[in-house]
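Please go through the model below one part at a time. The text starts at a loop and moves on to the sheet, the helices and the charged pairs.

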Amino acid sequence: MWYSCQKRLESKIHAMPSGSVFGIADFEEIATPKTVSKMLARLEGENGIERVLRGIYWKPDGVHTSPVPDRVAKALARENTWQLVPCGKTALHLFGLEEKSPEEWTYVTDGTYRSYSYDGKKISFLHTTGKILSTMSAKTALLVQVLKAYGRERVTDEVMTRIASFLNFEEAKRIWEESRYTTEWIAQAIFRIFQKKEEKISNLEN
């Protein structure tokens, strides 16, 4: 039984692309958490996997010495059954508005306040209401956090034009529809971003 489960786990890891980050929860269909934990611990240093944090491992990509923090954060969220959304400078970076990686990767979650460190990188989870996270798609929730990171006074017409350039029309429309009942100034900014996409399409057609 152990041998069969071990082979299934190894096969699943082998099929993952290089750079993948995973934890015990990602193999729940194979064996119990305790058994999976033992299997992963035995594989550490073998078959190309390395331990990042307790219960969290990655498949090295041959380029970086440690995994991308966003992948680690998502693996931790799966382990704890949290929903999460990047916030602050992390949101700006992942949306494409800031090239430089943040010194601290921050996320709002429906879980507890926690921080993790590995290989000189830090990940922090901040608590927010689950309702906010569950009523929006990942892209909409990310854009809301992007706008919060800028702050009301800094969301200029130029900033909204730049944000609009990262979205296609259907994305902008869906985000606007999902964010109508968020904070008023954020809803207004997103509506203006959607209008910019509409105006661009209209100008192209004329």
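D119 lies in the loop between strand 6 and strand 7. Strands (E, at least two residues) and helices (H or I, at least four) are DSSP runs, numbered from the N terminus. The model is predicted, so local features need pLDDT of at least 70 and side-chain atom pairs count only at pLDDT 80 or more, while totals for chains, interfaces and linings use all residues. Residues are numbered from 1 along each chain as its sequence is written, and side-chain values use heavy atoms, with hydrogens and water left out.

The phi of D119 is near 45°, a positive value in a residue other than glycine. Most residues other than glycine have a negative phi. D119 is partly exposed, because its relative accessible area is 48%; buried means under 20%, exposed over 50% and partly exposed in between, with a 1.4 Å probe and protein chains only. T81 also has a positive phi, near 50°. T81 sits in the loop between helix 3 and strand 4, and at 67% relative accessibility it is exposed.

On either side of D119, strand 6 and strand 7 (residues 121-127) run antiparallel and are joined by five bridges. Y118 has K121 of strand 7 as its bridge partner. Two strands count as paired if DSSP finds at least two bridges between them. The open sheet has four strands in the order 4-5-7-6, with mixed pairing. Strand 4 (84-86) and strand 6 (114-118) are at the edges with a single partner strand each, so one side of each has no neighbour in the sheet. Neighbouring strands are turned by 25° against each other on average, direction ignored.

Two helices lie across this sheet. Helix 3 (residues 69-80) crosses strand 4, strand 5 (104-109), strand 6 and strand 7, at about 45° to strand 7. Helix 4 (residues 88-95) lies across strand 4 and strand 5, at about 100° to strand 5. Axes are lines fitted to C-alpha atoms, for helices over the stretch in contact, and angles run from 0 to 180 degrees between N-to-C directions.

Which residues of helix 1 are buried? They are C5, Q6, L9 and I13. Seen down the helix axis, the buried residues fall within an arc of 100°, so they line one face; the arc is that of the directions from the axis to the C-beta atoms. The face turned away from this buried side carries the exposed residues Y3, H14 and A15. Strand 1 (21-23) and helix 2 are included in what covers the buried residues of helix 1. L43 is found in helix 2 (residues 33-43) and is buried at 3% relative accessibility. Leaving aside neighbours within four places in sequence, L43 is in contact (heavy atoms within 4.5 Å) with Q6, L9, E10, I13 and I49.

The count of salt bridges comes to eight, each a side-chain nitrogen of Lys or Arg within 4 Å of a carboxyl oxygen of Asp or Glu. In one of them, R78 and D26 have their closest N and O atoms 2.7 Å apart. R78 is in helix 3 and D26 in the loop between strand 1 and helix 2, 52 residues apart. R78 is partly exposed at 36%, whereas D26 is buried at 16%. D157 forms a salt bridge with K196, with closest N and O atoms 3.0 Å apart. This pair links helix 7 (residues 157-164) to helix 9 (residues 184-205). D157, R192 and K196 are linked in a network of salt bridges.
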